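Q: I would be grateful for a close look at one part of this protein, followed by an account of how that part fits into the rest. Please proceed from the single residue outwards.

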Amino acid sequence: ATALDALFDTLKTWRWMPQLRTITTYHTHPAYIEALAQSIEEHWKQQGRARRILFTYHGVPEAYITHGDPYQRECYATTDLLVTRLNLHEGEYGISFQSRLGPVEWLRPYTDETLAAWGREGVESVETICPGFSADCLETVDEVAHEGGEAFVEAGGGRFAYIPALNDRPEHIAMLTQLIAE
């Protein structure tokens, strides 16, 4: 939305308006789900499959959802499709939200609290993935891969792994190309 706001502000100053189409969402697009699933399965082949996988998404203030933002439903829809595609069962996965700040309530469950709880339960191994990020960023890698891993292990958990974002994986680029072509 921020990028589109800037674009539209610029376009307001033009005398000629170009034809413009935007892609508002692709959280349930089959090529997106398949790209994520392939990334997870590749990780499993290389590192082994953990006891649990945590699908963690960037948090937003709860008020956004109360005022109609579909983000939380979109996160759950993506997770549901991945769970089905990967044939995961109850107890093998979770969903959470990271990156909160300020005094307001943010979407729950929180990633750090979930990982610490799983550690206290003595879960042998956990892997995390951030499906909402198309590319890894320092904030996410630090907060989820490092701090999240520390919270899990320090609370009594075993092996922890972070599955990178899709970044420049060929299936990710193919999915983006397909979205643009559509």
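A: In this predicted model, Thr140 is placed in helix H6, which covers residues 138-154. Its relative accessible area is 1%, so Thr140 is buried, the limit for that class being under 20%. Setting aside residues up to four places away in sequence, Thr140 touches Gln98, Cys130, Phe133, Ala145 and Tyr162. One of these partners, Tyr162, is 22 residues from Thr140 in sequence, and the two C-alpha atoms are 10 Å apart in space.

A second threonine may be set beside it. Thr79 belongs to helix H4, residues 71-86. With a relative accessibility of 3%, Thr79 also counts as buried. Beyond residues up to four places away in sequence, its contacts are Phe55, Tyr57 and Ile95.

Two of those contacts lead to the nonpolar interior. Phe55 and Tyr57 are among the residues that touch the most other members of the largest nonpolar core, together with Ile40, Ile53, Tyr71, Leu88 and Ile129. This core has 27 residues. Helix H2 (30-47), strand E1, helix H4, strand E2 (93-98) and helix H7 (170-181) each give two or more residues to it. H2 supplies the largest share, eight residues. Ile129 may serve as an example from this core: leaving aside neighbours within four places in sequence, Ile129 is in contact with Leu36, Ile40, Ile53, Leu54, Phe55, Thr56 and Ile163. A second core, separate from the one just described, has seven residues, including Trp118, Val123, Val126 and Phe160.

The charged side chains add a further set of links. The structure holds 11 salt bridges. In one of them, the side chains of Arg52 and Glu121 meet with an N to O distance of 3.0 Å. Arg52 lies in strand E1 (residues 52-58) and Glu121 in the loop between helix H5 (111-120) and strand E3 (125-129), so this pair ties together parts that are 69 residues apart in sequence. The two partners fall into separate accessibility classes: Arg52 counts as buried at 18% relative accessibility, whereas Glu121 counts as exposed at 52%.

Another salt bridge joins the side chains of Arg169 and Glu171, at 2.4 Å from N to O. Here Arg169 is buried, at 17% relative accessibility, and Glu171 is buried as well, at 18%. The salt bridge of Asp9 with Lys12 has its closest N and O atoms 3.0 Å apart. Asp9 is partly exposed, with a relative accessible area of 43%, while Lys12 is exposed, at 65%. In addition, Glu34, Glu41 and Arg85 are linked in a network of salt bridges.

A residue in a loop offers a contrast with the two threonines. Glu105 lies in the loop between E2 and H5. It counts as partly exposed, at 41% relative accessibility. Apart from residues up to four places away in sequence, Glu105 touches Pro61, Glu62 and Tyr110. Val141 is 36 residues from Glu105 along the chain, and their C-alpha atoms are separated by 23 Å.

These local views may now be placed in the whole. The protein has seven helices and four strands, and from the N terminus on its elements run α-α-β-α-α-β-α-β-α-β-α. Along the principal axes, the C-alpha atoms fill a box of roughly 65 × 40 × 25 Å. Of the 182 residues, 41% are buried, Thr140 and Thr79 being among those in that class. Among contacts between residues at least 6 apart in sequence, 77% join residues at least 24 apart.

The surface and the charges complete the description. About 10500 Å² of the protein is exposed, and carbon and sulfur atoms supply 54% of that area. The protein has 14 positive and 27 negative charges, and the mean positions of the two sets are 4 Å apart.

Key: Residues numbered from 1 in each chain as written. Predicted model: local features only at pLDDT ≥ 70, side-chain atom pairs only at ≥ 80, totals over all residues. Heavy atoms only, no water. Buried < 20%, exposed > 50% of the residue type's maximum accessible area, 1.4 Å probe, protein only. Contact = heavy atoms within 4.5 Å. Areas by Shrake-Rupley, 256 points an atom, 1.4 Å probe, with all protein chains shown as cover. Lys, Arg positive; Asp, Glu negative; His and termini not counted. Charge placed at Lys NZ, Arg CZ, Asp CG, Glu CD. Salt bridge = Lys/Arg side-chain N within 4 Å of Asp/Glu carboxyl O. Core = buried A, V, L, I, M, F, W, Y, C linked by side-chain atoms within 4.5 Å.
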